[in-house]
Amino acid sequence: MECSLEHAKKFKFVVICDISEFYPRLGHHRLENALLQLGVSGDAHSRIMSFLKNFSNTNSFGLPVGGPAARILSELVLNQIDRLLELEGVIFCRFADDFHIFCDSNEEAYARLIFLSEKLLRTQGLQLQKSKTRIMSSAEFVATNPLSGNDNEGDASQPHERAKGLMQLSLRFDPYSPTNIDDYATLKAEIERFDILALLRDELLKSRVHIGLTRKIVAAVKYLEPRARDDAVTTMVDNAELLYPIFSGVLTVARSVFDELSSEAKLHVHRKIIELIEGHSHVLRVDLNLAFALRVLSCKHSPEAEAVLAKIFKLSTSSSLLRRDIILIMAKWKNWYWLSDIRTTFRSLSVAERRAFIVASFSLRDEGRHWRQYTADEFSPFEQLVRRWADEKTKQSGWSIPL
């Protein structure tokens, strides 16, 4: 903490984050590799791994929580992350699974956070805890640091008095319940007790939103009246950077209500997402957020959106999730010329992309039918199942792709 305070004097922004369930999820295989890299003679590493195997009931992950021995082993595993951060030129402090990263700009802070998140997932299979991940100004970090003598975390750490009732309200709705109509009416009446739009604006005025409350506000947007819903959705996408920790939730809600938005709101959301993608916003540099954004984008066809999707497909060679979704979206838009071009690369596609293209090939009409007949022998048993399913669904809907 003392070292962090010294760094904070030299930088404008601080990223605070920690690893989610670090000790229970730490992988034994990665730990064993790290032990072997030490080059220590004898059987110490095998004895350690034998103990951990018994401790975890033969599971291949997990360390005892606390204690000096477990901490030393965890440090050994995280040493790889430390070295990778140093190679990238990241200035940081770490204690156990808690990280403080120091940056000169808000954009750099997001980039560093994404870098750390990607390295943890790729090298250790670990993830950051979203609820404890924050980007704050250095002044705010110093003011809230326990060593500064100020234990107050500021207004952002506590929900407004008007919002406490919303925090306690369950927004769960089962559309398949036998009393779904009455349940929906009751839930809407409960939500109408709160000024959701005002609560949203109050949060957006803060330097850091309250994660739990903002999640509730975002979830409640689905049950607002049309005009208020339009305003809430457009306001949320306009404040993507501030809502970054829960932006996947924002996009999920936007997708679920998109068909009910006004024409103006639809166009606004559509253009804003294209702007975020073309501007290389850090908010969408995480594949999961970008995948949710593309699903919102799929709700409205435009030449600009086609160009964006084609570019992402070409550049995102390592993300089969994004490429699979793009194939299905292009099929939904009946973009036959792009799909016809992709057809020639079928053998080089990933498993998920191949299945998506088999479904999408039905939008190619005769070209797709001839291709399936010619390529059928190359389909795996599951791909054969996908083909039969898509064939049946297409016949039922009359050439409408079953997405």
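How many residues lie between strand 2 and strand 3 in their hairpin, and which residue in the turn has a positive phi? There are two residues between these strands, and Ala-96 is the one in the turn with a positive phi, of about 55 degrees. Please keep in mind as you read that this is a predicted model.

## The chain as a whole

Let us step back for a moment. The protein chain holds 21 helices and four strands. Its C-alpha atoms fill a box of roughly 65 × 60 × 45 Å along the principal axes. The chain has 403 residues, and 46% of them count as buried. About 21,400 Å² of the protein chain is exposed, with carbon and sulfur atoms supplying 52% of that area. Among contacts with a separation of 6 or more, 70% come from residues 24 or more positions apart.

## The sheet

The hairpin belongs to a wider arrangement. Four strands make an open sheet in the order 2-3-1-4, and the pairing is antiparallel. At the edges are strand 2 (91-95) and strand 4 (134-137), each of which pairs on one side only. On average, neighbouring strands of this sheet are turned by 20 degrees against each other, direction ignored.

Here are the strand pairs side by side.

| Strand pair | Sense | Bridges |
|---|---|---|
| Strand 2 and strand 3 | antiparallel | five bridges |
| Strand 1 and strand 3 | antiparallel | six bridges |
| Strand 1 and strand 4 | antiparallel | four bridges |

Some residue pairs can help you find your way across the sheet. Phe-92 has Ile-101 in strand 3 as its bridge partner, and Val-15 also stands opposite Ile-101. Asp-18 stands opposite Asp-98 in strand 3. Towards the other edge, the bridge partner of Val-14 is Met-136 in strand 4.

Is strand 1 mostly covered or mostly open? Strand 1 is mostly covered, with five of its six residues buried.

## Helices on the sheet

Two helices are worth looking at together with these strands. Helix 5 (residues 68-87) packs on the sheet and touches strand 2 and strand 3; the direction of helix 5 makes about 175 degrees with that of strand 2. Helix 6 (residues 106-124) lies across strand 1, strand 3 and strand 4, and runs at about 145 degrees to strand 3.

Helix 6 also carries Arg-112. Why does Arg-112 count as buried? Its relative accessibility is 16%, so Arg-112 falls below the cut-off of 20% for a buried residue. Apart from its neighbours within four places in sequence, Arg-112 is in contact with Glu-88, Gly-89, Val-90, Ile-101 and Cys-103. Ile-101 is thus a familiar name here, as the residue in strand 3 that is the bridge partner of Phe-92.

## A second buried side chain

Thr-235 gives another example, this time in helix 12 (residues 226-238). Thr-235 has a relative accessible area of 17%, and because buried means under 20%, Thr-235 is buried. Leaving aside neighbours within four places in sequence, Thr-235 is in contact with Leu-200 and Leu-204.

## Helix against helix

Further along the chain, how do helix 14 and helix 16 pack, and what is the angle? Helix 14 (residues 263-278) and helix 16 (residues 303-315) pack at an angle of about 35 degrees, and their axes are 11 Å apart. Their crossing is left-handed. Helix 14 contributes His-270, Ile-274, Ile-277 and Glu-278 to the contact, while helix 16 contributes Glu-304, Ala-305, Val-308 and Ile-312. By class, the residues of this contact divide into five nonpolar, one polar and two charged.

Helix 16 has a part in one more piece of the picture, as it is among the elements that cover the buried residues of helix 18. Which residues of helix 18 (residues 336-343) are buried? They are Trp-338, Leu-339, Ser-340 and Ile-342. Their cover also includes helix 17 (320-332), helix 19 (351-360) and helix 20 (366-375).

Methods
Residues are numbered from 1 along each chain as its sequence is written. This is a predicted model: local features need pLDDT of at least 70, side-chain atom pairs count only at pLDDT 80 or more; totals for chains, interfaces and linings use all residues. Side-chain values use heavy atoms; hydrogens and water are left out. Axes are lines fitted to C-alpha atoms, for helices over the stretch in contact, and angles run from 0 to 180 degrees between N-to-C directions. A crossing is left-handed if the near helix is turned anticlockwise from the far one by less than a right angle, and right-handed if clockwise. Contact means heavy atoms within 4.5 Å. Ala, Val, Leu, Ile, Met, Phe, Trp, Tyr, Cys and Pro count as nonpolar, Asp, Glu, Lys and Arg as charged, and the others, Gly among them, as polar. Buried means under 20% relative accessible area, exposed over 50%, partly exposed in between (1.4 Å probe, protein chains only). Accessible areas come from the Shrake-Rupley method with a 1.4 Å probe; for residues, only the protein chains shown count as cover. Two strands pair if DSSP finds at least two bridges between them.
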